[in-house]
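Student: Please take one part of this model and go through it closely. I would like the place where the two chains meet, and how the copies are related.

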There are 2 protein chains.
Amino acid sequence: MDIIQYINENAILLDNHLEQRLIFPEAPTRLMEALRYGVIGGGKKIRASLCLATGEAYGIKREDLLSLAGGIEMIHSFSLVHDDLPEMDNDDYRRGKYSLHKAFGGAMGILAGDALLVEGFRFFLSDSQFCKMVNNTKLIRILKVLLDALSVEGMVGGQVLDIDLEGTDADEDQIMDIYRMKTARFIQAPILCGAIVGSANKKELNDLERFGLLTGQCFQIKDDLLDVTQPSGVLGKTAGKDIEQKKATLVGIYGMNETQKIMESLFREAEAVLNQTSRSFSLLREIAHFIITRHH
Amino acid sequence: MDIIQYINENAILLDNHLEQRLIFPEAPTRLMEALRYGVIGGGKKIRASLCLATGEAYGIKREDLLSLAGGIEMIHSFSLVHDDLPEMDNDDYRRGKYSLHKAFGGAMGILAGDALLVEGFRFFLSDSQFCKMVNNTKLIRILKVLLDALSVEGMVGGQVLDIDLEGTDADEDQIMDIYRMKTARFIQAPILCGAIVGSANKKELNDLERFGLLTGQCFQIKDDLLDVTQPSGVLGKTAGKDIEQKKATLVGIYGMNETQKIMESLFREAEAVLNQTSRSFSLLREIAHFIITRHH
């Protein structure tokens, strides 16, 4: 199957699953609208596809991983919603529509973001079939992988570094640290979660961790390239913000061409990691390739 | 022991424990400063005491519950930090010092809040001794209790209702719903967590759930009373905000005296629940009594 078709199909499966399950009768209507607005529809749901594709390599059916992949997308959406707030990147657009705080107001931007994080974990913890499939030991490992990726040494820490290094002449190492913490940790995490469900062995987990890191760095570099080359209409969010906000990026240091080459070299390294594994992770390879070739 | 002394002693134990363990070498320094600012020092740490006191009723040593109680206080602090943000209650003071966003800036108010939530869970999940003491089944139950209390049908939902009902003529039922969701769920949760560690039976869990709900409602009513009667200097946060922000409160409907009576009647109900249990929860009773008689 064509990888774009695979990713799109997953996104539709996910949206349907979220649509059906994100109903809480006792929650305020306006909050539920905001929560659903933040995660359903729009977005490529790449992290979900990474989780599903890893699971498939271990023979886990996509259907059985939807609540985990859905929870991961909710947690990812939490980070986008907070990142768009005026105090942060102050972006009015996301996924081709108003960002959540712009559509629902600033208080809701904070609260619906918080809710997406909390409900993301509850999304798979409340799925009794999923919890039965993975035992409690695996469930704890999955929770730890996700929380570690979000931690002060992961995504949240990376966000702070990203802001701290705005307008400075950060070097390549510092920038790659930001990319690793801010982005790559939460590209790694869905892969590791899929692998844990699939009972991957230690060697495979190490390889997938390395692959996830490299692919995550590629993801952020590609994002930075797109920020320069694509118009807002294509990105679905405001383009050209990195320069405007004086973000520390590889493009800023090396320019477009050199940065493209660094990304391609990281991709080849990621590919090489997969090639040396005994198991076939062809879908993962294809998704990584999509990540560096996408147009938005 | 005098209950105020017990609570103060716990707060000191907790602060020392947090002080020692909240060190992450790879996290940005400024984020760690903000994180520690948000939870160490100041605050009565009532929720931690509720958890520790419940554990003690089951013979669990305080020392063995510090990482759980510490995590709970971090999660509680997350809610305060976000609640103080300009989009929300817009408060410059908390616990007798600048609120976090006022001291560290708006972006950090959002990010350090997020970090307190994430690191709160990691705080006990990363304590191998604690995780060994409780098995994985209990650990999952504890995580679910905390996440449920924070959910769209819990604290976050209550925050949204609280904002939605500002300036309306909400009735007692609606207000008690806000109190239950916004406050009582996360007063219940630490009690239930302590009870789960202590292997409480179903009947005890039900009783403690009921006691926690009533005590949590008392807590919020007392907060509303103090908002009217005490000056900012005593509260450590800006007083008189409920009237200014047209919050829907019992005091607003019934006035001070009647509200005081409702609170006392809820406290007696909470006391009655404990009296009918076979186990002695005297510390819990004392903490609940402290909650309705405190001066700040």
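Tutor: Start with the symmetry. In this predicted model, a turn of 180° with a shift of 0.0 Å along the axis lays chain A on chain B, and the RMSD is 0.0 Å. The two copies are therefore related as by a two-fold rotation axis. The same surface serves both copies, since 98% of the contact residues of chain A recur in chain B.

Which residue of chain A comes closest to the rotation axis? That is Asn136(A), with its C-alpha at 3.0 Å. Now look at its counterpart in the other chain. Asn136(B) lies in helix α8 of chain B, residues 136–150. Leave aside the neighbours within four places in sequence. Asn136(B) is then in contact with Asn136(A), Thr137(A) and Ile140(A). One of these, Thr137(A), also has a polar contact with Asn136(B): the two side chains are joined at 3.3 Å. Is Asn136(B) buried, exposed or partly exposed? Its relative accessibility is 24%, so Asn136(B) counts as partly exposed; the buried class ends at 20%.

Step back to the whole interface. Here 49 residues of chain A are in contact with 48 residues of chain B. Together the two chains bury about 4200 Å² between them. Carbon and sulfur atoms account for 73% of that area.

Next, the polar part. Between chain A and chain B there are 14 residue pairs in polar contact, with both residues at pLDDT 80 or more. The rule also finds four salt bridges across the interface. One salt bridge is formed by the side chains of Asp164(A) and Arg30(B), at 2.7 Å from N to O.

Which elements build the side of chain A that touches chain B? Those giving two or more residues are α2 (29–39), α4 (62–83), α6 (106–125), α8 (136–150), α9 (155–164) and α10 (172–197) of chain A. The largest share comes from α6(A), with 13 residues. By type, this side of chain A divides into 31 nonpolar, seven polar and 11 charged residues.

Some local backbone details are worth a look too. Take Lys45(B). It sits in the loop between α2 (29–39) and α3 (46–57) of chain B. Its phi is positive, about 55°, although Lys45(B) is not a glycine. Lys45(B) is also buried, with a relative accessible area of 4%. In chain A, Ser199(A) is another residue other than glycine with a positive phi, near 55°. Ser199(A) has its place in the loop between α10 and α11 of chain A.

Further along, α11 (202–229) and α12 (232–235) of chain A are linked by a loop that holds Gln230(A). The side chain of Gln230(A) reaches the backbone oxygen of His295(A) at 2.7 Å. Beyond the neighbours within four places in sequence, Gln230(A) is in contact with Leu235(A), Ala239(A) and His295(A).

To sum up, go back to the axis. The copies are related as by a two-fold rotation axis, and Asn136(A) is the residue of chain A that comes closest to that axis. Across the interface, Asn136(B) is in contact with Asn136(A). For the interface as a whole, keep the buried area of about 4200 Å² in mind, along with the 13 residues from α6(A).

Terms used: Residues are numbered from 1 along each chain as its sequence is written. Chains are lettered from A and ligands numbered from 1 in the order in which they are written. This is a predicted model: local features need pLDDT of at least 70, side-chain atom pairs count only at pLDDT 80 or more; totals for chains, interfaces and linings use all residues. Side-chain values use heavy atoms; hydrogens and water are left out. Contact means heavy atoms within 4.5 Å. Buried area is the accessible area (1.4 Å probe) that two parts lose on being put together, summed over both. A polar contact is a pair of N or O atoms within 3.5 Å; within protein, one must be able to donate a hydrogen and the other to accept it, and residues adjacent in sequence count only if both atoms are side-chain atoms. Helices (H or I, at least four residues) and strands (E, at least two) are DSSP runs, numbered from the N terminus. Ala, Val, Leu, Ile, Met, Phe, Trp, Tyr, Cys and Pro count as nonpolar, Asp, Glu, Lys and Arg as charged, and the others, Gly among them, as polar. Copies are superposed by least squares on the C-alpha atoms of residues with pLDDT of at least 70 in both. Buried means under 20% relative accessible area, exposed over 50%, partly exposed in between (1.4 Å probe, protein chains only).
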